[in-house]
Amino acid sequence: MKNKTARLLMSGLLLGTFATISSLGNTSCYKGKEGYIADSIMYTPRLVTVIPGKSQTLSPSINGNGSSKPLTISIHKIHGVSDGQDYTEEFLQQVPVSEWIAEYTKKETTIEEVLKKRKDVMRPLLEMNPVSGKITINEVRENGILPVGDFWLDIKVKNVSGELISKRAIKLTTRAYNTYTVSTPRVGGEIKAADVKVVRKGDGTALNVKVLDSDGNVVPLDSLTHVLDKSMTFDAFKNFGKSIKDGVSTYQVLFPWPEFGSQRIYMQREETIKDPVSGELKKEAKYYFDFTFNILPSGNWDMTIELKK
């Protein structure tokens, strides 16, 4: 009796084990043949902030949670966090985007030479890479048209097994558009502060730079010593042409600049003095000022730097 019972138990265990193995085998075969798509696909990070006024690629990564690859990813719907309004059409509207068709070498000497290396194409204001899921914002213009606020992005994910909608996969935050930025100037010597004002004066390719002393007199830029970094710098604009009139230096420029790093201005005023002992002439720094700026849209721009003692 005991032996019979033992044989029955052993038989049951073997059958259970075989069923488990068969089940695992069927699941593996099913995934390999028919595919699998998880209902918990998500992005990390989920919260993404857009810097207004410039083209940029955001790189949140998608977690398929075991879904069969390849995945095809697209925008399904974009809606406001607070009002629930549908903003999909606004975000996906076609806008002109400048693309490079030849290498930018930094050795170009005219604006025309640079323009020949660009062409305008129509692209969505917001687009998603269907393979990586990366988001690109195509926003470089005088008047920002990117909706401002907090938005949920619902994402459509497809693979061999079908498709699903991942709701609120990404929270996208945008802020008010800025046509330019200027850092707080650093000053030294006789100068105690500096105020930089930037104003757009219509269409064109001119950057007019004027420096005023504490009495409101124009300080010719050529009387100041430029000390520049090795990247794209303020002084590089002279490659496209520079002229001086009434102490105002006009540079021919091409905004938006091919590289979006800030431009740096470092200038110092020197004075030639005579050593009272040796009689030797030498230069002595009276003051300096230093700041960075980034102008986004094309046009004629006036930059006024007011120095204060």
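Select first the loop between β4 (61-63) and β5 (72-80), where Pro70 has its place, and display the backbone on its N-terminal side, since the peptide bond that joins Lys69 and Pro70 is cis in this predicted model, with an omega of about 5 degrees. Next, go to the loop between β1 (42-44) and β2 (47-49), in which Pro45 is found; here a cis peptide bond joins Thr44 and Pro45, and its omega is about -5 degrees. As background to these two stops and to the pair that follows, most peptide bonds are trans, and most residues other than glycine have a negative phi.

From the cis bonds, turn to backbone torsions and select Arg168, whose place is in strand β11 (residues 162-174). Although Arg168 is not a glycine, its phi is positive, at about 50 degrees. With the surface switched on, Arg168 can be seen as partly exposed, its relative accessible area being 44%. Asp246, the next residue to select, lies in the loop between β17 (242-245) and β18 (248-252), and this aspartate also has a positive phi, near 55 degrees. Is Asp246 buried or exposed? Asp246 is exposed, because its relative accessible area of 67% is over the 50% cut-off.

Now select the lining of the second largest pocket, beginning with Glu190, Ile191, Asp213, Ser214, Asp215 and Val219, and then adding Arg269, Glu270, Lys286, Tyr287, Leu307 and Lys309. The volume of this second largest pocket is about 180 Å³. If the strands are shown as ribbons, β19 (263-274) and β20 (281-295) are worth highlighting, as each supplies at least two residues of the lining. How do the lining residues divide into nonpolar, polar and charged? Colouring them by class gives 4 nonpolar, 1 polar and 7 charged residues.

Finally, colour the chain by pLDDT, for which the mean is 80, with 81% of the residues reaching 70 or more. Residues 4-33 are a stretch to select under this colouring, since the pLDDT there is below 50, and beyond near neighbours in sequence the stretch has 3 contacts in the model. Residues 228-233 also have a pLDDT below 50, and for this second stretch the model shows 11 contacts beyond near neighbours in sequence.

Technical notes:
Residues are numbered from 1 along each chain as its sequence is written. This is a predicted model: local features need pLDDT of at least 70, side-chain atom pairs count only at pLDDT 80 or more; totals for chains, interfaces and linings use all residues. Side-chain values use heavy atoms; hydrogens and water are left out. On a 1 Å grid over the protein atoms alone, a cavity is a set of points where a 1.4 Å probe fits but cannot get out, and a pocket is an open set with protein on both sides within 12 Å along at least five of seven lines; lining residues have an atom within 4 Å of a point. Grid points are joined across faces, edges and corners, and a volume is the space filled by probe spheres set on the points. Helices (H or I, at least four residues) and strands (E, at least two) are DSSP runs, numbered from the N terminus. Ala, Val, Leu, Ile, Met, Phe, Trp, Tyr, Cys and Pro count as nonpolar, Asp, Glu, Lys and Arg as charged, and the others, Gly among them, as polar. pLDDT is the predictor's confidence in each residue, from 0 to 100. Contact means heavy atoms within 4.5 Å. Buried means under 20% relative accessible area, exposed over 50%, partly exposed in between (1.4 Å probe, protein chains only).
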